[in-house]
Amino acid sequence: MKLCTGLVFCSLVLGVSSQDWLSFLGEAYEGSKDMWRAYSDMIEANYKNSDKYFHARGNFDAARRGPGGAWAAKVIRMKLFTAIVFCSLILGISSQGWGSFLREAGQGAKDMWRAYSDMREANYKNADKYFHARGNYDAARRGPGGAWAAKVISDAREGAQRITDLFKYGSSGHGAADSRADQEANRWGRSGKDPNRYRPAGLPRKY
């Protein structure tokens, strides 16, 4: 919804052309990586009173990518805030539990990135859904924070792909069925079910 709103706003108010969407989405993708990198470094450093530095660094690096990066940084901040409020009020997670939730989210984001990197490296036909399921499976095993990170990343990835298809192919529905299948694989892995259901025959065992 935020992605759609951002795209409509840029089209009607800023006059961004369809060609510029690819730049916007590319900036958003790179900005998301900047934010997760800063967060992962914060968890790894585990240094007293350094959290605001890493927050500022992530937002600074993302914003330097351009409008798409700045937008991604804002969306990630809002989603994290929403998750924190939800867990506090509904699930009753204590302030002490935030450390665990955030650590799980960081580890889950790394699991998702590892699965994506392996998918790109393998470049194996019909293996994408296996890697989607595997990334979500590994992330969800970290705990609630990992499952949350996996859902945010999966939804953002599929949303960006649908917008790209819309501008490339119009309202023909191109790619919609594949996107639904990807999300099914995402949910399958995130629910703790064996991702090997989607493993294509012949995929090297190292994956």
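These legends go with close-up views of a predicted model.

**View 1. Arg 65 and its two acidic partners.**
Here we zoom in on the loop between α3 (51-63) and α4 (67-91), where Arg 65 sits. The side chain of Arg 65 forms a salt bridge with that of Glu 30, at 4.0 Å from N to O. Glu 30 belongs to helix α2 (residues 18-45), so this contact links distant parts of the chain, 35 residues apart. Arg 65 also meets the side chain of Asp 34 in a salt bridge, this time with an N to O distance of 2.8 Å. Asp 34 is in helix α2 too, so the pair ties together parts that are 31 residues apart in sequence. How much of each side of these contacts is open, buried or exposed? Glu 30 is partly exposed, with a relative accessible area of 25%, and Arg 65 is partly exposed as well, at 36%. Asp 34, on the other hand, is buried, at 2% relative accessibility.

**View 2. The wider salt-bridge network.**
Pull back a little from Arg 65 and more charged residues come into the picture. Which residues are linked in a network of salt bridges? Glu 30, Lys 33, Asp 34, Arg 37 and Arg 65 are. For the overall tally, the structure holds 15 salt bridges.

**View 3. A salt bridge between neighbours, Asp 128 and Lys 129.**
This view shows the side chains of Lys 129 and Asp 128 meeting in a salt bridge, with 3.6 Å from N to O. Asp 128 is partly exposed, at a relative accessible area of 24%. Lys 129 has a relative accessibility of 18%, and since buried means under 20%, Lys 129 counts as buried.

**View 4. Helix α6, mostly tucked away.**
Helix α6 covers residues 128-140, which makes 13 residues. From its first C-alpha to its last, α6 reaches 18 Å, close to the 18 Å expected at 1.5 Å a residue. Why can we call α6 largely enclosed by the rest of the structure? Eleven of its 13 residues are buried, so the label fits. Among the buried residues of α6 are Tyr 130, Phe 131, His 132, Arg 134, Asn 136 and Tyr 137.

**View 5. The cavity beside α5 and α6.**
The count comes to one cavity of 30 Å³ or more. The largest cavity has a volume of about 40 Å³. Its lining is made up of Met 112, Ala 115, Tyr 116, Met 119, Phe 131, His 132, Gly 135 and Arg 157. Which helices each supply at least two residues of that lining? They are α5 (97-122) and α6. The largest share, four residues, comes from α5. Sorted by class, the lining has five nonpolar, two polar and one charged residues. Phe 131, His 132 and Gly 135, already listed in this lining, are also buried residues of α6.

**View 6. Helix α8 and the glycine that follows.**
Helix α8 takes in residues 176-190, and its 15 residues should span 21 Å at 1.5 Å a residue. The end C-alpha atoms of α8 are 21 Å apart, which agrees. The buried residues of α8 include Ala 176, Asp 182, Gln 183, Asn 186 and Arg 190. What comes after the helix? α8 is followed by Gly 192, which has a positive phi, near 95 degrees.

How values were computed. Residues are numbered from 1 along each chain as its sequence is written. This is a predicted model: local features need pLDDT of at least 70, side-chain atom pairs count only at pLDDT 80 or more; totals for chains, interfaces and linings use all residues. Side-chain values use heavy atoms; hydrogens and water are left out. Buried means under 20% relative accessible area, exposed over 50%, partly exposed in between (1.4 Å probe, protein chains only). The expected span of a helix is 1.5 Å times one less than its number of residues. On a 1 Å grid over the protein atoms alone, a cavity is a set of points where a 1.4 Å probe fits but cannot get out, and a pocket is an open set with protein on both sides within 12 Å along at least five of seven lines; lining residues have an atom within 4 Å of a point. Grid points are joined across faces, edges and corners, and a volume is the space filled by probe spheres set on the points. Ala, Val, Leu, Ile, Met, Phe, Trp, Tyr, Cys and Pro count as nonpolar, Asp, Glu, Lys and Arg as charged, and the others, Gly among them, as polar.
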